Amino acid sequence: MNEKDKADLVHQDVIHIETIRKEQKVQKLHTVFSINPYRKLHILPDKPMSRKAEEAIEENSDFIEAFHKAREVPTKKYSMPLTESHEIGWISIPLMPSNRHDTRLNFSRSGTDVTKHQEIALKHQIKR
């Protein structure tokens with residue numbers, strides 16, 4: 001029984017070494033780091049009573065361009081819609097130009113005999 005247990009430990013070690021080698025083949029080392037432009041950036045000011053001199057921060061134009069590109073409207077960012085929700089509102093130009101005087105589509109408030117009668121009745125109730 002002890003020999004099988006030792007063999008099992010050896011086999012487990014071999015399997016473990018094999019998985020580590022496979023992971024190392026696929027693993028990439030990233031050396032270029034930057035702030036994710038798709039996340040909100042909260043810049044906190046220094047304490048008001050601190051006497052630390054302000055640091056001069058160099059502007060990174062690549063980051064600023066990526067930041068502005070991330071904040072663009074999807075229609076300006078992509079040439080075609082990527083998701084189903086993009087397809088719903090992708091073309092947002094009205095099919096018909098709006099005309100406020102067209103009564104077929106604009107239902108503005110208008111006074112009728114019934115509404116005028118009700119307004120007068122409500123005014124009399126409030127006065128009592």
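Visitor: What percentage of the 128 residues in the chain do buried residues make up?

Guide: Happy to start there, with the reminder that this is a predicted model. A residue counts as buried when its relative accessible area is under 20%. In this chain of 128 residues, the buried share comes to 5%.

Visitor: How many helices and how many strands does the secondary structure of the chain come to?

Guide: Reading from the N terminus, the elements run α-α-α-α-α. The tally for the chain is therefore zero strands and five helices.

Visitor: Is the chain more spread out or less spread out than a compact globule?

Guide: Let's look at its extent: the C-alpha trace spans about 100 × 60 × 45 Å along the principal axes. For 128 residues the globule rule gives 14 Å, whereas the radius of gyration of the chain is 34 Å, well over that value. Compared with a compact globule, the chain is therefore more spread out.

Visitor: How far apart do the centres of the positive and negative side chains lie?

Guide: Two sets go into this value: 22 positive side chains and 19 negative ones. The separation between the centres of these sets is 12 Å.

Visitor: Which residue meets Glu-18 in a salt bridge?

Guide: Helix H1 covers residues 2-26, and the partner sits in it four residues from Glu-18, about one helical turn away. Glu-18 has 41% relative accessibility and so counts as partly exposed, while the partner, at 51%, counts as exposed. The N to O distance is 3.6 Å, inside the 4 Å limit for a salt bridge. The partner is Lys-22.

Visitor: In the salt bridge of Arg-104 and Asp-102, which side chains meet, and at what N to O distance?

Guide: A search of the whole structure finds two salt bridges, and this is one of them. Arg-104 is exposed, with a relative accessible area of 61%. Asp-102 has 15% relative accessibility, so it counts as buried. The side chains of Arg-104 and Asp-102 meet at an N to O distance of 3.0 Å.

Visitor: Why is the pair of Phe-63 and Phe-67 called tilted?

Guide: The search of the whole structure finds one aromatic pair. Its ring centres are 6.0 Å apart and its planes stand at 35°. Planes under 30 degrees apart would be stacked and those over 60 edge-to-face, so the pair is tilted.

Visitor: Which helix do Phe-63 and Phe-67 both lie in?

Guide: Phe-67 counts as partly exposed, at 24% relative accessibility. The two residues are four apart, about one turn of the helix. That helix spans residues 61-70 and is H2.

How values were computed. Residues are numbered from 1 along each chain as its sequence is written. This is a predicted model: local features need pLDDT of at least 70, side-chain atom pairs count only at pLDDT 80 or more; totals for chains, interfaces and linings use all residues. Side-chain values use heavy atoms; hydrogens and water are left out. Rings of Phe, Tyr and Trp (its six-membered ring) pair if their centres lie within 6.5 Å; planes under 30 degrees apart count as stacked, over 60 as edge-to-face and the rest as tilted. Buried means under 20% relative accessible area, exposed over 50%, partly exposed in between (1.4 Å probe, protein chains only). The radius of gyration is taken over C-alpha atoms; the globule rule is 2.2 Å times the number of residues to the power 0.38. Lys and Arg count as positive and Asp and Glu as negative; His and the chain ends are not counted. The place of a charge is taken as NZ of Lys, CZ of Arg, CG of Asp or CD of Glu.
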